[in-house]
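Thanks for making the time this morning. I would like to walk through one model with you, moving from a loop to the packing of the interior, and I will give the cut-offs as the terms come up.

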Amino acid sequence: METVVITPTYNERQNVEAFAAQVLSAAPDCALLFVDDASPDGTGVLLDQMAAREPRIAVRHRHKKNGLGPAYLAGFADALHAPHYHGARFVCEMDADLSHPPTRLPALIAACRDGADVAIGSRWVSGGGTVAWSRRRQWLSRAGSLYARTLLGVPIRDLTAGFVCYRRAALARLVADEIVSNGYCFQIELKARAAKLGLTMVELPILFQERQAGTSKMTASIAAEAIVKVWHLRRTLRRGAS
């Protein structure tokens, strides 16, 4: 498989079958690695059943819900070091709720194949946007990215984007140092570290779809926590540069 797609799950039983079918149809030469945080709704059990039927699907089970960052780092470790993924050239992040359009996955992979180290599915570049979002929610998301971009000096318009493709070697460099963010700020930190390393990042437009089933994991407290953590991240990255 050329690409490993990593998808953390927590209570996504209603979405994972449709998600997997669409991803594997859009990008047949990819493997899907789900990282399930002991979902109480039975998502992990369903994923195991799916993996038993489809060899391109694998599941890593964690014992408790422990944050988005650690879930992705566990998946990254498998994608970079597990023997059956050694041939993969690219590693992608996607949400399981179908908010990220699987039809755009080939474009992100192609951007990395053409030389980008990091290709970002972006809501806030020309041609991108959101579906079924209120103006207030759009403003909050844009303002959050602007806030982080200004503090960190990273020229990416959608810093909180979670639909990303990495060249394998670039991802290995990114996670070689300790990642200090856990939740919402994790996506910001990876892009800030990529900029600090001088990696080539490109943004490709996507239409972000509102989830149709299940409950969003984003809360006001998580967003507020990210505001504080961006300052901590700024200090951490500046210390590392000194």
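Asn-11 sits in the loop that runs between β1 and α1, where helices (H or I, at least four residues) and strands (E, at least two) are DSSP runs numbered from the N terminus. Asn-11 is not a glycine, and yet its phi is positive, at about 55°. Most residues other than glycine have a negative phi. With a relative accessibility of 27%, Asn-11 counts as partly exposed; buried means under 20% relative accessible area, exposed over 50%, and partly exposed in between, using a 1.4 Å probe and protein chains only. Ala-132 also has a positive phi, of about 70°, although it is not a glycine; Ala-132 belongs to the loop between β6 and α5 (135–152), and at 66% relative accessibility it counts as exposed.

Before going further, a word on the source: this is a predicted model, in which local features need pLDDT of at least 70 and side-chain atom pairs count only at pLDDT 80 or more, while totals for chains, interfaces and linings use all residues. Residues are numbered from 1 along each chain as its sequence is written, and side-chain values use heavy atoms, with hydrogens and water left out.

Now to the helix that follows the first of those loops. Which residues of helix α1 are buried? In α1, residues 16–26, they are Val-16, Phe-19, Ala-20, Val-23 and Leu-24. Seen down the axis of α1, these buried residues fall within an arc of 115°, so they line one face of the helix, the arc being that of the directions from the helix axis to the C-beta atoms. They pack against β1 (3–9), β2 (30–36), α2 (43–53), β3 (57–61) and α4 (105–113), where contact means heavy atoms within 4.5 Å.

Two of those strands, β2 and β3, pair in the parallel sense over 5 bridges; strands pair if DSSP finds at least two bridges between them. The chain crosses from β2 through α2 to β3, and this β-α-β crossover is right-handed, that is, with the strands pointing away from the viewer, the path from the first strand over the helix to the second runs clockwise.

Turning to the interior, the largest nonpolar core has 40 residues, and those with the most contacts inside it are Ile-6, Phe-76, Tyr-166 and Ile-188. Such a core is a set of buried Ala, Val, Leu, Ile, Met, Phe, Trp, Tyr and Cys residues joined through side-chain atoms within 4.5 Å. Helix α7 (residues 185–196) gives the most to this core, with 6 residues. A second, separate core of 28 residues includes Leu-46, Cys-92, Ala-111 and Ala-119.

Finally, the aromatic rings: rings of Phe, Tyr and Trp (its six-membered ring) pair if their centres lie within 6.5 Å, with planes under 30 degrees apart counted as stacked, over 60 as edge-to-face and the rest as tilted, and by this rule the count comes to 6 pairs. Tyr-72 and Phe-76 are stacked, at 5.8 Å centre to centre with 25° between the planes, and both of these residues are buried. The rings of Tyr-72 and Phe-186 have centres 6.0 Å apart and planes at 5°, so this pair is stacked. It links distant parts of the chain, since Tyr-72 is in helix α3 and Phe-186 in helix α7, 114 residues apart. Tyr-72, Phe-76, Tyr-166 and Phe-186 form one aromatic cluster.
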